[in-house]
Amino acid sequence: MRGWRSARAVLIWVALALAIGVPIAAAATSEQLAWRGPVYILAGFAGIIALGLVLVQPLLIGGYLPGLPAYRGRRTHHWIGGALVVAVVIHVAGLWFTSPPDMIDALTYASPTPFSPFGVTAMWAIFIVALLARLRRRLGLRLRTWRIVHIPLAIVIVAGSVVHCLLIEGTMETISKAALCAAVLAATVKVMIDLWRRRTLRGESVARQ
């Protein structure tokens with residue numbers, strides 16, 4: 001039994017590493033990199049890493065990653081959220097450096113590219129969540145209120161990030177990109193269902209008492 005748990009833990013971490021690492025490795029071999037400058041390349045890979053971090057977040061909250069129990073998982077979720085903000089800032093700043101007019105259009109929702117509004121919306125949602133998490137104690141947000149605010153924003157982040165990524169025809173390889181996006185969606189849906197079930201069972205238990 002203990003051997004199976006250890007093997008399962010290893011498989012989960014390997015699967016997560018592959019889900020994030022393969023798209024990055026595939027993008028690193030893209031022929032399009034030959035036509036890109038270093039800042040643009042950095043911005044692009046920051047975006048890929050950001051999507052990978054979006055995958056990690058629901059796995060942490062759901063307690064699906066071995067070795068990270070509830071408290072440690074929540075703390076790690078907090079730090080990964082900060083890393084996500086940094087990755088997004090690098091992504092946006094790099095694109096701004098290479099083409100300020102395009103970024104102005106994107107940030108003002110005036111860009112003709114179909115993927116821009118989804119990415120920008122996800123970006124603002126990420127910044128709002130990070131700011132509220134930082135000010136949560138000062139604002140006196142209770143856990144219930146925090147969840148009411150955080151969960152819809154998390155859905156916006158996931159949906160916007162996935163659509164943004166899928167619509168871009170860039171350095172990411174198609175199959176590994178689709179697999180990463182599917183993993184992000186699956187992890188988010190699973191944690192939403194599991195959290196709802198836990199709250200339902202907890203409510204029924206309290207009602208019986």
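This report walks through a predicted model, from its annotated spans to its core and a few single residues.

**Annotated spans**

A good place to start is the UniProt record. An unreviewed entry there gives the annotation "transmembrane region" to residues 37-65, 77-97, 117-136, 148-169 and 175-193. The same kind of record, also unreviewed, places the feature "domain: Ferric oxidoreductase" at residues 47-159. The table sets out how the model looks over some of these spans.

| Residues | Helix | Strand | Distance between end C-alpha atoms |
|---|---|---|---|
| 47-159 | 83% | 0% | 15 Å |
| 77-97 | 100% | 0% | 30 Å |
| 117-136 | 100% | 0% | 28 Å |

**Helix α3**

Let us look at one helix in more detail. Helix α3 takes in residues 70-98, which is 29 residues. At 1.5 Å a residue, α3 should span 42 Å, and its end C-alpha atoms are indeed 42 Å apart, so the expected and computed values agree. Many of its residues are named as buried: Gly73, His77, Ile80, Gly81, Leu84, Val85, Ala87, Val88, His91, Val92 and Gly94. What lies over them? The cover for these buried residues includes α2 (38-62), α4 (100-107), α5 and α6.

**The nonpolar core**

The largest nonpolar core has 44 residues, and within it Leu55 and Val184 touch the most other members. Two or more residues of this core come from each of α1 (2-28), α2, α3, α4, α5, α6 and α7. Which element gives the largest share? That is α2, with 10 residues. To see how one core member sits among its surroundings, find Val184 in the structure. Beyond the residues up to four places away in sequence, Val184 touches Leu51, Val54, Leu55, Val158 and Val162. Leu55, the other residue with the most core partners, is thus among the contacts of Val184.

**Two cysteines without a bond**

How many disulfides does the structure hold? The number is zero. Cys165 and Cys181 are worth a look here. The cysteine sulfur closest to that of Cys165 belongs to Cys181, and at 3.9 Å it is too far away for a bond, because a disulfide needs the two sulfur atoms within 2.5 Å. Cys181 is likewise in no disulfide, and its nearest cysteine sulfur is that of Cys165. Are these residues buried or exposed? Cys165 is buried, with a relative accessible area of 8%, and Cys181 is buried too, at 1%.

**Ser176 and Leu141**

Two more residues round off the tour. Ser176 belongs to helix α7, which covers residues 174-208. Its relative accessibility is 8%, and Ser176 therefore counts as buried, since the cut-off is under 20%. Setting aside neighbours within four places in sequence, Ser176 is in contact with Val22, Pro23 and Ala26.

Leu141 is found in a loop, between α5 (116-139) and α6 (143-167). Is Leu141 buried or exposed? With a relative accessible area of 22%, Leu141 is partly exposed, because this value falls between the 20% and 50% limits. Apart from neighbours within four places in sequence, Leu141 is in contact with Arg136 and Trp146. For a sense of scale, Leu141 and Gln57 are 84 residues apart along the chain, and their C-alpha atoms are separated by 21 Å.

Definitions and conventions
Residues are numbered from 1 along each chain as its sequence is written. This is a predicted model: local features need pLDDT of at least 70, side-chain atom pairs count only at pLDDT 80 or more; totals for chains, interfaces and linings use all residues. Side-chain values use heavy atoms; hydrogens and water are left out. Helices (H or I, at least four residues) and strands (E, at least two) are DSSP runs, numbered from the N terminus. Buried means under 20% relative accessible area, exposed over 50%, partly exposed in between (1.4 Å probe, protein chains only). Contact means heavy atoms within 4.5 Å. UniProt positions are given in the numbering used here, feature names are shortened, and annotations may be inferred rather than shown by experiment. The expected span of a helix is 1.5 Å times one less than its number of residues. A nonpolar core is a set of buried Ala, Val, Leu, Ile, Met, Phe, Trp, Tyr and Cys residues joined through side-chain atoms within 4.5 Å.
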